[in-house]
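Please open the structure in your viewer and keep the selection tool at hand. The tour below moves from one selection to the next and says what is to be found at each stop.

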Amino acid sequence: MAQEVRGVIAPGKDEPVRIETVVVPDPGPGEAVVRVQACGVCHTDLHYKQGGINDEFPFLLGHEAAGMVESVGDGVTDVAPGDFVILNWRAVCGKCRACRRGRPWYCFDTHNAQQKMTLTDGTELSPALGIGAFAEKTLVAAGQCTKVDPAVSAEVAGLLGCGVMAGIGAAINTGNVGRGDSVAVIGCGGVGDAAIAGSRLAGAARIIAVDIDDRKLETARSMGATHTVNSRQTDPVEAIRDLTGGFGADVVIEAVGRPETYQQAFYARDLAGTVVLVGVPTPEMKLELPLLDVFGRGGALKSSWYGDCLPSRDFPMLVDLHLQGRLDLGAFVTETIQLDEVEKAFERMHRGDVLRSVVVL
């Protein structure tokens, strides 16, 4: 039978979120119901609330989550009731041209639950990134559940569901950061700091953190940055070159998503170096670069979507690294909160007061 649970709803563009009763149906074929234990407050949720993703209100927010599988529908074999899982928004299809070529991290036909969660009056909800985890329970496609070691705490495991995975993956999967490389990360929020942590994991020799906020730069050092640059006070391109023997960094990761910072990343890399865009731009933004410079500097200009991750491969690996003490996921958690504190968490995020607020249920 369908269950009624509490969930955080964004009712309309820029309206305050509110807690409503959400009806969660029994899982159908290929679906699972997950009892949510923790969910991070991500900037993407704020984009949904502001109407920056689409206008399919009302939204059931939340997507950086971990919890326990409660029930599964017909045909589900990869997870079972009682499994501890991280939720992901890349449930690969296994059939598209990317999957058939052995590149499922580029899957072009990821899928979500077919049934809809609703309000008690029958109004259908749009779950953020097909997850909707600011709720006591949620309905997802079973492929969105990635089983990991239950020894990890839910409040840190869930962060791999989006921001932390995006940053670590931007460094390791997309940027191919290697031992001895020099790396610059522009923008030191949650994703940028994760890129710094990922670069350290990969063995980078020099990791340069760039931001306009000294508080964020201090945090970046704790994540593994060897040098910091306040770009409000110093030209970041010149500073990065000065710190890399005059050449520029081997890999520059842009975690802001703005044309001006992307241009800084482009000119701050070494010849034949790599630029990785993981910051999310808005639709109206345009980029202008001299085509001769694009040609003459060589290298690669890449975009990193979800850190080019494959959840079944990357989530268990990163959880294991955390449990071994080699990746401090707890460092990303600024505070734990309740469901009724999400609106205030958005305000703290907007002010830059937190790295991650995590809802604990």
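The stops that follow begin with a helix and its surroundings, then turn to buried residues, charged pairs and a surface patch. Bear in mind throughout that this is a predicted model.

**A helix in the interior**

Begin by selecting helix H4, which covers residues 163–174. Is this helix enclosed or open? Because 10 of its 12 residues are buried, H4 is largely enclosed by the rest of the structure. To see this in the viewer, colour the buried residues of H4, among them Val 164, Met 165, Ile 168 and Thr 174. If you then show the elements that cover these buried residues, you will find that they include strand E5 (64–72), helix H5, strand E14 (249–254), strand E15 (269–277), strand E16 (300–303) and helix H10 (311–323). Before leaving, step past the helix to Asn 176, which follows H4 and has a positive phi, near 50°.

**A buried acid**

Next select Asp 193, which lies in helix H5, residues 190–202. This residue is buried and yet has no salt bridge, and the nearest side chain of opposite charge, that of Lys 216, is 8.3 Å away. Once residues up to four places away in sequence are set aside, Asp 193 touches Cys 188, Thr 219, Ala 220, Met 223, Phe 332 and Leu 355.

**A buried valine**

Move on to Val 342, which is found in helix H11. Val 342 counts as buried because its relative accessibility is 0%, where buried means under 20%. Which residues is Val 342 in contact with, leaving aside its neighbours within four places in sequence? They are Val 8, Val 17, Phe 134, Ile 337 and Val 359. For Val 359, you may wish to draw a line between the C-alpha atoms, since this residue and Val 342 are 17 residues apart in sequence and 7.7 Å apart in space.

**Charged pairs**

Side chains of opposite charge can pair when their charged atoms come close. The structure holds 13 salt bridges, and a few of them make good stops.

Select Arg 215 and Asp 353, which form a salt bridge whose closest N and O atoms are 3.3 Å apart. The pair links distant parts of the chain, 138 residues apart, with Arg 215 in helix H6 (residues 214–223) and Asp 353 in the loop between helix H11 (342–351) and strand E18 (357–360). Arg 215 is partly exposed, with a relative accessible area of 44%, and Asp 353 is also partly exposed, at 36%. If you add Asp 213 and Arg 351 to the selection, you will have a network of salt bridges that links these two residues with Arg 215 and Asp 353.

Then select Arg 18 and Glu 20, which form a salt bridge with their closest N and O atoms 2.5 Å apart. Arg 18 is partly exposed at 40% relative accessibility, and Glu 20 is partly exposed at 25%.

A further pair to select is Arg 258 and Glu 260, whose side chains meet in a salt bridge at 2.7 Å, N to O. Here Arg 258 counts as partly exposed at 39% relative accessibility, and the relative accessible area of Glu 260, likewise partly exposed, is 39%.

**A positive patch**

Finish the tour at the surface by selecting Arg 97, Arg 100, Arg 101 and Arg 103, which form a positive surface patch. Arg 97 is found in helix H2, residues 97–100, and is exposed, with a relative accessible area of 53%.

Terms used: Residues numbered from 1 in each chain as written. Predicted model: local features only at pLDDT ≥ 70, side-chain atom pairs only at ≥ 80, totals over all residues. Heavy atoms only, no water. Patch = residues over 30% accessible without salt bridge, like charges linked within 9 Å, V, L, I, M, F, W, Y side chains within 5 Å. Areas by Shrake-Rupley, 256 points an atom, 1.4 Å probe, with all protein chains shown as cover. Salt bridge = Lys/Arg side-chain N within 4 Å of Asp/Glu carboxyl O. Lys, Arg positive; Asp, Glu negative; His and termini not counted. Charge placed at Lys NZ, Arg CZ, Asp CG, Glu CD. Helix = DSSP H or I, 4+ residues; strand = E, 2+ residues; numbered from the N terminus. Buried < 20%, exposed > 50% of the residue type's maximum accessible area, 1.4 Å probe, protein only. Contact = heavy atoms within 4.5 Å.
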